[in-house]
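User: Got a minute to go through this one with me? I'd like to start with the cysteines.

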Amino acid sequence: MEKNTETKALILEKAIELFAAKGYDGVGVQEICTESKITKPTLYYYFTSKTGLLSAIIEEKSSELYNTLKEASKYLRDFILSLTKILESTIDFALENPDFYRLHCTLSSSSQDSEAGKLYKPVFEKIQNLITDFFLNSVAEFGNMKGKEKLYSRIFLQTCQALALDIIQNRLEKTDAMIFSVIHSFVYGVAAG
């Protein structure tokens, strides 16, 4: 049974690496099998199809991301501290799971008409709703956000994604000064809005 678990984990790992590097549509089943050193029937045994494989990746890894953000987005009655916690948690998750995070960003922005986009849409909406709820809970602190919570949550989530992606691609370094600057610039924009 342990070998079955190891084989399944290896297939998931290789598929995440390939999908992150080439996109879901850019990778064929044979390439995943070759990288995993398995046969197609083995892949189909565990996942039934390439779509089934992507569904398994989404189920496993996106729940980790969601749970990370759920914990981070608990409103602490301190808007700046809470935003900082969300941003740092996003970056830390991305650093711990760089291939999946690249895939997450790609899937988040894929066409909702594509197979991958349709599969990922509920996950991204769930994450978006989590951050929107955080902003709704923050309205008491920043009353001028009222009615714009969804907009601000989208802007903040996109900012977190872009920064985390830049950091894992070594285009930006995670520093306390950078996080401070981003959070305070965002809060200034909210306060001025």
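User: Cys-33 first: buried or exposed?

Analyst: Cys-33 is buried, at 1% relative accessible area. Buried means under 20%, exposed over 50% and partly exposed in between, with a 1.4 Å probe and protein chains only. This is a predicted model, where local features need pLDDT of at least 70 and side-chain atom pairs count only at pLDDT 80 or more, while totals for chains, interfaces and linings use all residues. Residues are numbered from 1 along each chain as its sequence is written, and side-chain values use heavy atoms, leaving out hydrogens and water.

User: And how buried or exposed is Cys-105?

Analyst: Cys-105 is buried too, with a relative accessible area of 12%.

User: How many disulfides, then?

Analyst: Zero, counting a disulfide as a pair of cysteine sulfur atoms within 2.5 Å.

User: Why no bond for Cys-105?

Analyst: Because the closest cysteine sulfur, in Cys-160, is 11 Å from the sulfur of Cys-105, which is too far for a bond.

User: Switching to helices. How do H6 and H8 cross?

Analyst: The axes of H6 (residues 98-108) and H8 (residues 149-168) come within 10 Å and cross at roughly 140°. That makes H6 oblique to H8. Under 35 degrees counts as roughly parallel, over 145 as roughly antiparallel, 65 to 115 as roughly perpendicular and the rest as oblique. Axes are lines fitted to C-alpha atoms, for helices over the stretch in contact, and angles run from 0 to 180 degrees between N-to-C directions. Helices are DSSP runs (H or I, at least four residues), numbered from the N terminus.

User: Which residues meet there?

Analyst: On H6, Pro-98, Tyr-101, Arg-102, His-104, Cys-105 and Ser-108; on H8, Cys-160, Gln-161, Ala-164, Leu-165 and Ile-168. Contact means heavy atoms within 4.5 Å.

User: What about H6 and H7, what's the angle?

Analyst: About 100°, with the axes of H6 and H7 (residues 115-138) 9 Å apart. H6 and H7 are therefore roughly perpendicular to each other. Phe-100, His-104, Leu-107 and Ser-108 of H6 make the contact with Ala-116, Tyr-120, Phe-124 and Ile-127 of H7.

User: Anything on the backbone? What's phi at Arg-77?

Analyst: Near 60°, a positive value in a residue other than glycine. Arg-77 lies in the loop between H4 (50-72) and H5 (79-96), and counts as exposed at 64% relative accessibility.

User: And where's Asn-170?

Analyst: In the loop between H8 and H9 (176-192). Asn-170 also has a positive phi, near 60°, and is exposed, with a relative accessible area of 71%.

Conventions
Helix = DSSP H or I, 4+ residues; strand = E, 2+ residues; numbered from the N terminus.
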